[in-house]
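Student: I'm new to this one, and I'd like a close look at a single part of it. Could you take me through the aromatic rings and whatever surrounds them?

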Amino acid sequence: MPRNKIELTPAQAKEVETLAAVLNHTQIADYFGIDPDTFAAIRKRQPDVFRSYKKGKAKAIINIGGNLIKQAKDGNTAAAIFYLKTQAG
């Protein structure tokens, strides 16, 4: 007998965006009490969940990246070197 597919509600899909800024996909699955493979399947079949996950990750990168660039511009040599090594080769 096939099992019912787990779906996230629109509110949960939006919550994924917030969670993705600080948690990886396995931790998000744990948060919702589901298996990581199930969360991967949900991301594939629910485009809104996939978009929320990607948007949350992007927001975190923008935030941290912006802070890194500010530190580099303010004279933090380590920040400048790290930025150049990762972004400029």
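**Around the aromatic rings**

Tutor: Let's start with a charge over a ring: Arg 43 sits over the face of Tyr 53, 4.9 Å from the ring centre. Bear in mind that this is a predicted model.

Now for the rings themselves. The structure has two aromatic pairs. One of them joins Tyr 31 and Phe 32, with 5.1 Å from centre to centre and 85° between the planes, an edge-to-face arrangement. How do these two residues stand with respect to the surface? Tyr 31 has 45% relative accessibility, so it counts as partly exposed. Phe 32 has 17%, and because buried means under 20%, Phe 32 counts as buried.

The other pair brings us back to the ring under Arg 43. Phe 39 and Tyr 53 have ring centres 6.2 Å apart and planes at 75°, so this pair is edge-to-face too. It ties together distant parts of the chain, with Phe 39 in helix α3 and Tyr 53 in helix α4, 14 residues apart. Both Phe 39 and Tyr 53 are buried.

What do the rings have around them? In soluble globular proteins, nonpolar side chains tend to be buried together. Here the largest nonpolar core has 13 residues, and those touching the most other members are Leu 8, Val 16, Ile 28, Phe 32, Phe 39 and Val 49. So one ring from each aromatic pair turns up on that list: Phe 32 and Phe 39. Helices α1, α2, α3 and α4 each give at least two residues to this core, and α1 gives the largest share, four residues.

Leu 8 is a handy place to stand and look around. Leaving out neighbours within four places in sequence, Leu 8 is in contact with Phe 32 and Phe 39, and also with Ala 13, Val 16, Ile 42, Gln 46 and Val 49.

Two of those contacts, Ala 13 and Val 16, lead us to α1, which covers residues 10-20 and whose buried residues are Ala 13, Val 16, Glu 17, Leu 19 and Ala 20. These buried residues pack against α2 (25-32), α3 (36-45) and α4 (47-73). Not everything in α1 is tucked away, though: Pro 10 is found in this helix, and at 66% relative accessibility it counts as exposed. Pro 10 also gives us a distance to Gln 46, another contact of Leu 8: the C-alpha atoms of Pro 10 and Gln 46 are 10.0 Å apart, with their positions 36 residues apart along the chain.

Key: Residues numbered from 1 in each chain as written. Predicted model: local features only at pLDDT ≥ 70, side-chain atom pairs only at ≥ 80, totals over all residues. Heavy atoms only, no water. Buried < 20%, exposed > 50% of the residue type's maximum accessible area, 1.4 Å probe, protein only. Contact = heavy atoms within 4.5 Å. Phe/Tyr/Trp six-rings, centres within 6.5 Å; stacked < 30°, edge-to-face > 60°. Lys NZ or Arg CZ within 6 Å of the ring centre and 35° of its normal. Core = buried A, V, L, I, M, F, W, Y, C linked by side-chain atoms within 4.5 Å.
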